[in-house]
Amino acid sequence: MKIYFEHIDAIHQFTMELNYHYNTLKCKYCQNCNQFVSHGFVYKKQNNGEKKAVGKRLFCSNRHGKLGCGRTTRLYLAILIPTFQYTNRQIFIFLSALLSMSSIQKAYKLATNTDDPRNAYRWLHKLWNKLIDYRCFLNLHTQCESFKFKFRARRLQILLPTIHELFLKIKELPCTQYQMLTQTSFA
Ligand SMILES: [Zn+2]
C-alpha cells in the first residue's frame, strides 16, 4: 500500500479518492482491506514556530458497518523519515559528506549544523540495519567494498560502497526517491 507521497496535495487527493484505490488498501494491523476513512492531517512544527501539514491519517474504521480495527495508518511526505527528527535532505547531506571522506562529526555538522555527533551514530546504526534492503533494491549479490573507504571504521567500509551505488542509481534526491520507489523508510 502506498504510504509515501511527493506532495501534501497528492496525499490529500489520495485520501479523498479512497474508493478508486479499492484494491490496494490493506490495514497493516488487522489485514482487512478497504475499511479506511480519511482522518485528518498530521502537522509538524517548523523552525519559525508555524505548523505545516506533513501527512495525513487513515482510520481503519470499525463504525457504521465497517469491519476495521480502529487503528490509524499514517501517510507521509517522502522527504520525511517517520522515526527521524531530521529529513531525508539532511541524511543525504550527511551521507554525501561521508562519501567525500568527511569525518562523522564533520558530516553531521554539515547536515544539521550541530556539534554533538551522538545522534549521527544512531543514524548510522539505522542505516546499517537497512543495508540488506539497499542491496536487494540495487540487486547486489556480492559484497561491494572499495579501496577508497579502506581506512574508515569497519562498518563504514561496508556501508559506504553500497550507499555510493545507491546514489549512482538514483541521481536526484536519492533518499527521498528511495522511499517513493520502494514505499519503505530509507532508515
Ligand atoms: Zn485495521
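Which residues coordinate the zinc ion? Select Cys-27, Cys-30, Cys-60 and Cys-69: each offers its SG atom, at 2.3 Å. Donors here are N, O and S atoms within 2.8 Å of the metal (3.2 Å for Na, K and Ca), and water is not among the atoms, so sites may look incomplete.

Before going on, note that this is a predicted model, where local features need pLDDT of at least 70, side-chain atom pairs count only at pLDDT 80 or more, and totals for chains, interfaces and linings use all residues. Residues are numbered from 1 along each chain as its sequence is written, and side-chain values use heavy atoms, leaving out hydrogens and water.

**Stop 1: the zinc site**

Stay on the zinc ion. Its 4 donor atoms subtend angles of 104 to 113°, so the arrangement is tetrahedral (four donors, all angles between 85 and 135 degrees). Along the chain, the donors follow the spacing C-x2-C-x29-C-x8-C.

Now colour by accessibility. Buried means under 20% relative accessible area, exposed over 50%, and partly exposed in between (1.4 Å probe, protein chains only). Cys-27 is buried at 1%. Cys-30 is partly exposed at 25%, and Cys-69 is partly exposed at 30%.

**Stop 2: Cys-33**

Select Cys-33. Its sulfur is 8.8 Å from the closest cysteine sulfur, in Cys-30, too far for a bond. A disulfide needs a pair of cysteine sulfur atoms within 2.5 Å. The count by this rule is 0 disulfides. Cys-33 is partly exposed, at 42%.

**Stop 3: Thr-15**

Move to helix H1, residues 8-16, which holds Thr-15. Helices are DSSP runs (H or I, at least four residues), numbered from the N terminus. Is Thr-15 buried or exposed? Thr-15 is buried, at 4% relative accessibility. Its side chain reaches the backbone oxygen of His-12 at 2.7 Å. Beyond its neighbours within four places in sequence, Thr-15 is in contact (heavy atoms within 4.5 Å) with Ser-38, Lys-56, Leu-58 and Leu-75.

**Stop 4: the nonpolar cores**

A nonpolar core is a set of buried Ala, Val, Leu, Ile, Met, Phe, Trp, Tyr and Cys residues joined through side-chain atoms within 4.5 Å. The largest has 33 residues; Phe-94, Leu-95, Leu-98 and Phe-186 have the most contacts inside it. Helices that each supply at least two residues of this core include H2 (88-99), H3 (104-112) and H6 (154-169). H6 gives the most, with 7 residues.

Zoom in on Phe-94. Leaving aside neighbours within four places in sequence, its contacts include Ile-104, Tyr-108 and Trp-123. Apart from this core lies another, of 19 residues, among them Tyr-4, Leu-58, Cys-60 and Ala-78.

Note on methods. Four donors count as tetrahedral if all angles lie between 85 and 135 degrees; four count as square planar and six as octahedral if opposite donors are over 155 degrees apart and all others between 65 and 115; anything else is irregular. A polar contact is a pair of N or O atoms within 3.5 Å; within protein, one must be able to donate a hydrogen and the other to accept it, and residues adjacent in sequence count only if both atoms are side-chain atoms.
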